[in-house]
Structures are given as structure tokens and as C-alpha cells.
Amino acid sequence: MIRFHGRTGIGTVLIGAVLIGALWLLSSAVATAAVPKKVSAQLAAQKGCLSCHEGIERFTDGPMQETIEAMGADFNDPGGCVICHGGNPAGQTAEEAHKGTPADLKDAGGPQLFYPDPGSVWIAQNTCGQCHQGYAERLQKALMNTEAGKLQGNLWSWGLQKDRKVVYGNYDLKDEDGPTPVVGTDAYRKYMTAMVTAHPDQFPSEMQQIPEVDVEAVSKHPNLAGITYSRQQCQRCHVGVTGREKRGDFRGTGCSACHVPYGNEGFYEGNDPTINKEIPGKLLVHRMQATRKSTVTVHDVSYTGIPTESCNSCHNRGKRIGVSYQGLMEFPYGSPYDAKGKKQPKLHTKKYLFIKDDLHHQMASRPGNPRGGLLCQDCHTSIDMHGDGNLFGTTLAQVEIECSDCHGTPSAYPWELPLGYGEEFKEVLADTPRGLSDELPDYMTFATVYEPEDGYLLTTRGNPFGNVVKRGNKVILHSASGLDFEVPVLKQLAIDDTWRNLNAKVAMTSVTKHMESMECYACHADWAPQCYGCHITVDYSKGKTDVDWIANANSRQPNGLTADNALGTNGLTSPGKVSETRSYLRWETPTLGINGEGRVSPMMPGCQVITTVIDKNGKTVAQNEIWMTPEGKGLDHAAVQPHTAGRQARSCESCHDNPKALGYGIEDGRFLKGYDKGFVVDLETATGDIIPGRTQFQSQPIPKLDHDLSQIVTRDDVQLVSVGSHWPLTGPLPAAMRKKMERSGLCMGCHQNMSDPEFWAKVNTPGWVNNEQHRAVMNRALRAYGASRSQP
């Protein structure tokens, strides 16, 4: 069964492709209005595809739409549908319209097939690529399609990856044109060519499709189940497939995944009479969402740009940056109840607790700023999304932006910083200001083009932000939503001495090591989702199977569709069935460590796999096993930009007086011990002997788990678990840094003297002293000590 407006439908399209859609439903079961099974030849010749789809929304407005419609007229299709979809606009039945393009149209340069989803990355060069040349090829090599970093990280934690070299992706791919990017400024191309050369493991020249699992080998090598886990659970979020049919996960494929709106419920709310509005899995309306110049109207709501929730059909797992940006963290309870006493409906198959959304998502009014938030695309560039023509092995390899690109530092405006600032990789940078640009590369001119004013700001790798400009010493960001924002510039705050509080001034201007060695979000991330312990069972017994997203992705047909496109099915399966759960969840005060750039960064549990594997004969060949990586146990902690920024940074004490922040675990790792032995809960003697003879484990043993999952290192500097799998600089905070940072127990520096009542009476004021008064006393004491040392 063909899935219209969701898997094989007319609304899944690439930016720039005008999809009025020469589609005729093949079954009356999916129609909402009386559509004739056959139209007259005269009507088809007059209206083309619109002879059935009269009322469907024009995909966009302006010159793009006008050009496509003019091109369509040359093919007897005034709506222009055939330009992107192919097909036969003169067809009188659905079969005739959708079976392919007539020879005379092919000869005239029309598309060669009927493309139900012109946005499919596999055929986009024939559809949207007619205008947007090169985008499809770049996207095929980008992380949104290969997911190479996710695979490398998973295989690392399962003990299947012996080094940091990226080998596998969703597809067999090869970078034929070398390390120099195909797009970007000269400065960017030079920068990236050097970066690729310096980091060949993270920028592979080719990658192999992750292999299928040999089920016969699982009994001897249970960790091969990690490949099944990846293929079935982790690889659905790439643009080569459509994704699963779950609330919040409906989307198109290829460029349609981002540029066509899908509501979380998956229902069509437009005016095409052929589309059933009661069956989920369809686009919201047949309009393109892109930049400020592309307006989408749904009922009485109009907007521009790509809503954050469009991104979250994928970015709700792994590092969870999309839902975190909205302030959401998954939790198991599902409270509060609705009016009928039911818990939350699942979104992305999860229930959510609202913590606090990112400052950039809130953007509460500042002087001169409208109320409203930033969209993901306002910071993330075209290369962050589509790639630059190289193969990338990690997020850090592809993403070209840093916080300082817009905010600068207390001592330098953004344009005064050198290229590479923020991702130094422990190298010394040239002391050359990056400057500004007054023009955009060609690939950026498809978007809304803003006046440069005093110049476009540059990313740390040398490309201009097309939407961020200098205005005097101010930085103005033009959001795709239509809002404009003045960005706080740290150097200007320092010059004007308008810091929000004294803590900010001291942390950023007095303690210079903070700016030199830390990511901004090491302090400014309010929270991070921390899912400790990923307990996974992979069961191959009794012929169990589940959806295999890699098999689906590589099943594509000449029309660009993959096997998962059919409505009511997620397509091809493979042996094994995965189930998973967690040990415990946290969100507050994330641990700190060193990221791939060599800077201090928040950490979060990566893939902390604790595995049970049942082979095809029903034998348990691994139970609660923790696999070993080149760095230790595969209970990985990964550096993360949590996308939970707040104006008020975490307190000094939350790092300097917090064993968890330093890597020693919650409360110094003194809780959650004994899991290596397991727990039997029943009647017992005072000495711990279990009294009944018939008992069972309440909590099964995890033999290698002899410490809390939040702990990275011991105070004896023994690293307990893996910290990052991608970059050689990643790891725990170095021992010397931990020793310099830690200031636990400082209260006793003064309060130990309470044990000497006579002395304490001389320095203590009777009665209660509040925090402000307490700090004042400490300040006087420090100054008195300084004065005493200055005396001869």
C-alpha cells in the first residue's frame, strides 16, 4: 500500500522543490472527498495533476513557485507538479499518472520517473538538485545521513571498536574528491583541509556499511549483539529513511525531513481533497518551511523558519539536545494525570518532565529585543546540516560554530578573535583577527539574504553567518522566525561594567583560566540529561525479529523510496529483539571532563551498556555484562553541549566543592555500591544471613559494577570507565586540574576554631549571621591578613 503524504506522499520534499503533486490515491479508503477514479482527457490536459488535487496548498510563493509553474506549463502541467514529482500529468487514472513520465516529456528534459517523495536524498539530484546543485551529494556524506559517529560510539562501548578510527556508517561511501571542502570560503577550505589532514581517524576518506550480525556467532561472541542494537534501535534517525510511525516521529525523508512540516500527531490539516485527514503519518500542510522568506500558514497561524520540534523528530535520543533545548527530559512516571485520570501520552515513545528550557529558546525580553526564541537554524549553519562534501566521523568534525563566534570574550569582540578560537586542540593559534565578511558564498544565497551592515560575522572556521551582522560594536542576529535580536557581547559588558552580577565579572575577567580552558557552557549549561546505566537485552530466541533501519536504508528503489515507506509497517527486519531500561536518572550539576577540543566541558553518560544476550537456542550467553574498551569499562561518559544554557551560571561551589563535578561521583561515589554482588531482600539475621530457603534476587548481580555509575575516576587517579570514544584529547579532568580545582571542606578552615570557645568568642559575633554578613566577615579577615603581610 502506498503511503501518501508521509512515506510516499506529495508533501515530502526538498527545499526549493515545488510539490503541488501529481498524485492520485490508489484506494478510496484513504480519500476524504469524492474523487473520480478517472478524469476526462480534456480535464487532465487542462489542469494536469490538479485535476484530482484541486485545493492543495501551493508549496511556496514568489519567484521559486512562479518559475516551477512556468516550467510545468511546458509539460502540460500548469501547477508544475511534474517538475519535481515526474509522472504523467495527462494521466486519466492514478495508475496512468503515477507510472512514470511519458517519452515526450523525458525527451524534453523532464524527470525520468514518478517520484512520490522528491525530497528523498537518493533521487534529489533529479528533483530539487535541478536548482540546488550539490546539496544532495553533500547531504549523503553528512552525519545526518551516515550517523558514523553514533555507530563508532556504540561499537566502542560494546567492546567491538579497538581504536578511535571511524570505519562504519549506514552506507558504503567514499569521498572521491579529497579533503578540500566543495563549499565554503577560501579561509574555510584551507582550515578544514588542515583539520582533515591532522585528524584522519575522525575524517574518514571512506566508510563501510555496518555489517549484519552472524546469528550463529553470537553464542561465542555475545557482544556482536551491539550491532543488532545499533541497526534496530539507533539508526532510525537519519535522512535516508523515513523513521518510525510513532507520535512525534512522523517526518519525510531526505530534505523533506526538515523542510516539510509534520505535526506530532501526524495528521494532514490542509485542503487537498484526496488526503484522508483521519489517518496519521502525513505532512501537516503542503508548504515548504525554510527561511524567513518562506511563510507557512496552518489555519490562522503563520510562521517562518523551521520549528524546533521538526528537529526533535530525531534529536530526542543520544545526546537529546533537541528536547533538552525545549527544557524536556524523559522520565518514567508520566505525571500529572489528565481529566480522565490518565498519564501523559508518549512523545517520541517517552514521557517527559519539564526542567527548564535553554535561554536561547526562551529569549525573554532584553532591552530592544522582542519576546521570542531562537530556532535551531539561527545558530547552526548550512554546513552543520548539509555538510561540506567531506565525510565526517563525529559531530565535532562537522559543526563549525562556537559560542564566542557571536558573544566574543571579555577581552575581544568576535571579529577580533583568531580563526580556530574555541577549538584549539591544544595548539597555539595565530594572533590574527578573523575580521568580517561583506559577501556570502554562493551556496548561502538560496536562503534569505540580509544586508551585511558593517559586515557578516564569521564562524571559527572562517565562513560568514548569513544572518548575524555587526552594527557598530553591536551584534544583530536575524532569526528565520522573523524576529531580530541584539546579542550580548562580552567585551562590551566589560567596557560598560554592566555585568549581571559580581560572580560573572570575577569568573570571566579575574579568573582568566576559565576563558582560556573552558567551554562557555561548562558553566552556563543549567542542566544535562543523565541516564545512568543502559540495561539492554538482545534476544535471538524463537525467531524473534525487529525493524532493521540499515536494511531499510539500503533497500531503496529507483524512485527513491525505501522499504519502510509503506504505511502501517516499518519495513524490513533482522534477527533479534531489543529491550532496554535504565538504572537511574539525574539532571542537575553534570560532571566535568575534557572534550575533543581539549577544553573543559560538561559530561553525560554516553552508551553505558550493561548487556544480557540470549542466543537463538534460548541460552543466556551474557548476563549483565559490561564490555571493555581500550580505556576501561564501557560505561562511557561523553562530552556534550547540553543546549540548556542559562543567564545565571552554575555556582562556584557546584564545581569547586562538588565531588561529582570533578569526576569522583555523586557524594564522592559513596552510594549505589554492592551491585556487583546483587541483592536478596528477605528475612535475615543481624549478621546478614538469609533465613528462608526459597528466595530470589531482588536485584541481579552486575559482576563488574563495583562503583557508582556516576563515577569516572578515583581519588587515587584510577580511571574507572571510558570517557569519550571519538577524540584523543577527551578524558577526565587531569589529576593536577582536579587538585587545583577542589576546595571541599573550606568551611572548617574557620569553623575548626569553634572547638576553642575562648578564641571563638573573640572573632565571633553572637547570634545568627546571614550569608551576606558571613561573606563580609571573610572579606575583612582576608584584607586584614593581607595588611599584616604587607607590614615590615
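Colleague: What share of the 792 residues of the protein chain counts as buried, and what makes a residue buried?

Modeller: A residue is buried under 20% relative accessible area, exposed over 50% and partly exposed in between, with a 1.4 Å probe and protein chains only; 53% of the 792 residues fall in the buried class. The model is predicted: local features require pLDDT of at least 70, side-chain atom pairs are counted only at pLDDT 80 or more, and totals for chains, interfaces and linings take in all residues. Numbering starts from 1 along each chain as its sequence is written, and side-chain values rest on heavy atoms, without hydrogens and water.

Colleague: How does the radius of gyration of the protein chain compare with that of a compact globule?

Modeller: The rule for a globule is 2.2 Å times the number of residues to the power 0.38, and the radius is taken over C-alpha atoms. For 792 residues this gives a value near 28 Å; the chain has 29 Å, so the two agree. The C-alpha trace spans about 110 × 80 × 55 Å along its principal axes.

Colleague: How many helices and strands does the protein chain have, and what makes a run of residues one or the other?

Modeller: Helices are DSSP runs of H or I with at least four residues, strands are runs of E with at least two, and both are numbered from the N terminus. The chain comes to 30 helices and 24 strands.

Colleague: Why are strand 8 and strand 11 called edge strands?

Modeller: Strands pair if DSSP finds at least two bridges between them. An open antiparallel sheet of 4 strands has the order 8-9-10-11; strand 8 (456-458) and strand 11 (484-487) each pair on one side only.

Colleague: How do you know that strand 8 and strand 9 pair?

Modeller: They share 2 bridges, which meets the requirement of at least two, and therefore they count as paired. Leu458 has Pro464 as its bridge partner, while Tyr456 stands opposite Val469. In the hairpin that joins these strands, with 5 residues between them, Gly462 has a positive phi near 105°.

Colleague: What joins strand 9 to strand 10?

Modeller: Strand 9 and strand 10 (residues 474-478) run antiparallel and are joined by 4 bridges. Val469 stands opposite Ile476 there. Their hairpin has 2 residues between the strands, and Gly472 adopts a positive phi near 70°.

Colleague: Why is strand 9 described as largely enclosed by the rest of the structure?

Modeller: Of its 8 residues, 7 are buried, so the description follows.

Colleague: Why is Leu502 called exposed?

Modeller: Its relative accessibility is 60%, and the class begins over 50%, so Leu502 belongs there. Leu502 is part of helix 21 (residues 502-510).

Colleague: How is Thr589 classed, and what is notable about its phi?

Modeller: At a relative accessible area of 25%, Thr589 is partly exposed. Thr589 lies in the loop between strand 15 (577-586) and strand 16 (592-594), and its phi is positive, about 35°, although it is not a glycine. Most residues other than glycine have a negative phi.

Colleague: What makes Asn624 buried, and in which strand is it found?

Modeller: Its relative accessibility is 12%, so Asn624 counts as buried. Asn624 belongs to strand 18 (residues 620-625), and its phi is positive as well, about 50°.

Colleague: Which peptide bond is cis, with omega near -5°?

Modeller: That bond runs from Ser335 to Pro336, and Pro336 sits in the loop between strand 6 (328-330) and strand 7 (352-354).
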